[in-house]
Amino acid sequence: MMKEEVLSLANPKYNRKTSEERKQEIQAISEKALQQIEKYTKSVEDVLEYADFMSRFHSYSANNLALIQQQFEGAEAVASFKDWKDKGYSVQNGEKGIQILSYAPVTLFKDANGEMKQLLQATQQEKKMIKDGQIPTRKIANFKVGHVFDISQTNAPIEDLPKIFPNKQFNFQIEEGRNTEHLRKGIEAVSKELKIDIRDMRLSELGVTELGVSKGAFVQGKDGKEIVMNSRNTETQALATSIHELAHAKLHIKGGEYDNMERATKEFQAELTSYIVCKHFGMDTSEKAIPYIATWTQNGEKIEDKQKALEGVHKTAKEFIEIMDTVISEEKEKEMQVANEQEVKPQFNDRQLHYMSNILIADEASLRKNINIDPWSENFYENLSNGTVERTQAVEKHLNQDEINQVMQEVNVYRNEIDAKEELTSTNLYDLVRGKDIPKFKELKDQIKDWQEDSKDINPIPGIEEQIFRDKLEYDRIDTTYYKDDNDRKALTKLQTRIELNSIKVQESELANATNGEYSKIADQEIKQEEVKCELTGKAIPDDNIYFKTHDGKSLSEEVKMLMYTDEEWTKSTRNGNYQSFNFYSIHLSNSEMTSMEPEPRIDNKNVYYFYDGQSKPVKLGTVSDIVSNAQNQESIDHFSLDKEFIRDLAFSKNEPKEDFNEKMQKHNVLKNPKLKDFQQVNERLGLGKDHNLLDIKNEAGRKAQMALRMGMQR
């Protein structure tokens with residue numbers, strides 16, 4: 001049996017094709033891609049989305065635009081460090097600012113000696129005279145160096161960008177059974193075959209240390225050749241771009257067969273090769289490849305000597321696939337050999353381990369209770385033991401007698417070790433309940449810990465009970481300390497909160513249905529509970545911070561709560577179920593340490609809000625980030641008051657569909673993502689003329705529609 005056939009049987013998800021099958025596959029993929037390229041167009045909706053997005057950024061002068069492109073080629077949406085922060089994003093560590101010239105006029109005045117000076121050089125007396133109008137001043141034009149950053153240099157999520165945003169990053173999906181590590185090793189083999197290194201742009205040996213928004217570049221000159229990759233690429237974007245640049249290196253080497261072809265044709269060849277190779281290995285890059293090729297070639301019309309160009313693509317794609325297939329096949333074979341060598345039948349199945357875990361918890365509690373050094377109420381240990389017994393009985397129903405006997409045989413070994421000890425003091429008890437003092441006890445707990453961490457259907461309940469037990473031990477240790485500082489008091493608050501939350505989880509679990517399927521649902525809930533985000537801003541509430549919970553389950557950061565409620569209003573709201581809480585992230589079920597795992601913020605910066613009451617022109621309030629920033633600075637927006645009632649209603653209504661939001665916020669005269677017709681409906685409701693106060697809005701809508709039409713015709 002051939003090597004290819006062995007791999008096919010061992011792993012049906014990875015079926016290496018014959019040379020003829022590869023040829024047919026490449027032909028079919030490229031034909032389908034060409035059809036999509038010819039039909040590709042940008043919808044009016046996509047164009048308007050892009051226009052709306054770009055309207056939120058400052059317009060720079062022609063000189064500054066040239067400066068920006070010179071330093072960061074392809075920069076599209078740029079803003080200052082502070083502006084990005086106000087929009088809810090932050091600049092990534094290590095990013096270098098793009099220099100621009102900022103207008104900063106200087107105020108001059110003439111002192112008593114007739115000498116011209118800057119205002120900042122004035123004495124206190126001179127400043128008073130200037131203020132009183134006794135000394136005239138004049139302004140002169142002046143510029144200083146400022147810094148801006150492109151959106152690709154921030155942590156703005158890909159999904160927040162418009163669909164047709166130029167040069168944005170992609171997270172391509174890979175078919176089940178494939179993995180990025182295999183693709184990476186295959187790509188390394190191709191680069192080795194072509195004798196060209198692939199480097200991060202920061203490590204470029206030819207001086208290409210900044211690519212702007214370009215994903216990669218094939219660089220060749222008198223000092224050599226290399227492929228440089230943009231440090232900001234996502235993992236899958238880097239894979240697709242590496243193949244694109246390798247295709248350039250193969251097809252467009254100086255003096256080669258395709259070197260004299262036009263740039264559009266070269267980009268067509270490189271991107272189509274990358275698309276075909278990625279598609280073969282289960283990664284679909286069409287969302288990026290089709291628009292990219294369509295834009296460069298004007299929907300396939302600007303491909304020089306199309307047949308020759310396609311022959312180069314097919315030949316290169318076939319060569320790359322064969323090299324990568326060989327490497328990936330070898331990797332698969334190695335992995336299967338290792339898996340076969342390491343395959344060992346587990347000592348206990350999941351239900352046995354769950355059964356054993358419950359017994360250990362009950363024994364820990366009983367041990368502490370019986371030697372009478374219990375620092376808490378007897379009820380806690382009785383309840384813990386009783387609850388554990390219920391779970392043990394529920395799992396026991398799913399075990400046969402042989403499985404139960406096997407568990408009890410192991411458990412009795414450690415019980416005998418405990419009985420053999422002549423004296424159990426409070427000191428060695430502290431180690432005993434953690435399994436350090438009884439070898440078999442520790443061995444069994446380690447095995448349970450490995451099961452909890454590795455099993456796909458994790459049962460968190462035993463681990464949560466152990467966490468409660470350890471937290472109460474630690475709480476008592478700190479609480480009985482005579483001198484307590486702020487850190488001790490904070491730790492007590494954190495422990496108490498975690499004990500309460502974990503106790504609720506245990507109580508709410510369906511003990512009678514203790515199956516792995518049920519536990520996987522609880523595990524999913526555990527993951528969701530890790531992230532606490534402010535309802536208004538969408539930002540994660542930092543570790544160790546106080547936050548506020550409303551009666552309907554919404555969380556508010558301390559800063560936002562102050563924008564929404566006076567102290568008196570909040571006190572009254574607690575009668576309806578609002579309360580103050582304390583935040584921490586990630587309870588590790590098998591580890592008593594409390595750690596911080598702050599998630600990336602999910603901030604609402606796609607929706608834009610307007611104020612319109614029919615009395616004057618519509619006022620743009622901006623995004624949620626804009627509104628929050630202005631409210632914190634106690635600034636109004638064109639006389640629109642950002643009062644607490646408005647902020648409160650915005651927080652609790654902003655996630656509503658547009659029509660429902662507009663109806664609920666009618667008392668504030670605020671609209672969500674309004675179009676011309678939305679403003680016109682307000683006029684009709686108020687009995688005003690249809691286009692009253694809306695001439696500017698109407699003209700802008702017409703301009704965008706014309707732009708969309710032109711772009712559609714160009715496509």
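Leaving aside its neighbours within four places in sequence, which residues is lysine 266 in contact with? Let's start there and then walk through the rest of this predicted model.

1. **Lysine 266.** Setting aside neighbours within four places in sequence, lysine 266 is in contact with His248, His252, Tyr258, Asp259 and Met261. You'll find lysine 266 in helix H9, which covers residues 263-280. Is lysine 266 buried or exposed? Its relative accessible area is 17%, and the cut-off for buried is under 20%, so lysine 266 counts as buried. You can also check a distance here: the C-alpha atoms of lysine 266 and alanine 247 are separated by 9.3 Å, with those positions 19 residues apart along the chain.

2. **The whole chain.** Zooming out, the chain has 715 residues, and 45% of them count as buried. Its secondary structure comes to 26 helices and 15 strands. Now take the contacts between residues at least 6 apart in sequence: 69% of these join residues at least 24 apart.

3. **How far to trust the model.** The average pLDDT for the chain is 77, and 75% of the residues score at least 70. Which elements have the lowest and the highest mean pLDDT? Helix H1 (residues 3-10) is at the bottom with 30, while helix H8 (residues 235-251) is at the top with 94. Go easy on two stretches. Residues 371-381 stay under 50, and the model gives them 22 contacts beyond four places in sequence. Residues 584-602 are also below 50, with 65 contacts in the model beyond near neighbours in sequence. Where pLDDT is low, the predicted coordinates should not be read in detail.

4. **A three-ring cluster.** There are 10 aromatic pairs in the structure. One of them brings together phenylalanine 548 and tryptophan 570: the ring centres are 5.2 Å apart and the planes sit at 85°, so this pair is edge-to-face. The two partners come from distant parts of the chain, 22 residues apart, with phenylalanine 548 in strand E10 (residues 546-549) and tryptophan 570 in helix H21 (residues 567-573). Tryptophan 570 also pairs edge-to-face with tyrosine 565, at 5.3 Å centre to centre and 75° between the planes. Put together, Phe548, Tyr565 and Trp570 make one aromatic cluster. Phenylalanine 548 and tryptophan 570 are both buried, and tyrosine 565 is buried as well.

5. **Charges over rings.** What sits over the ring of phenylalanine 548? The charged end of lysine 561 does, 5.0 Å from the ring centre. Elsewhere, lysine 672 lies over the face of phenylalanine 661, at 5.6 Å from the centre of that ring.

6. **A small sheet to trace.** Look for an open sheet of three strands in the order E7-E9-E8, with mixed pairing. Why do E7 and E8 each have a side without a neighbour in the sheet? Strand E7 (198-200) and strand E8 (216-221) stand at the edges and have a single partner strand each, so one side of each is left free of neighbours in the sheet. From one strand to the next, the twist averages 30°. E7 and strand E9 (residues 224-229) run parallel and are joined by three bridges. To find your way in, look for aspartate 200, which stands opposite methionine 229 in E9.

Methods: Residues numbered from 1 in each chain as written. Predicted model: local features only at pLDDT ≥ 70, side-chain atom pairs only at ≥ 80, totals over all residues. Heavy atoms only, no water. Phe/Tyr/Trp six-rings, centres within 6.5 Å; stacked < 30°, edge-to-face > 60°. Helix = DSSP H or I, 4+ residues; strand = E, 2+ residues; numbered from the N terminus. Buried < 20%, exposed > 50% of the residue type's maximum accessible area, 1.4 Å probe, protein only. Lys NZ or Arg CZ within 6 Å of the ring centre and 35° of its normal. pLDDT = per-residue confidence, 0-100. Contact = heavy atoms within 4.5 Å. Pairing = 2+ DSSP bridges. Axes fitted to C-alpha atoms, helices over the stretch in contact; angles between N-to-C directions.
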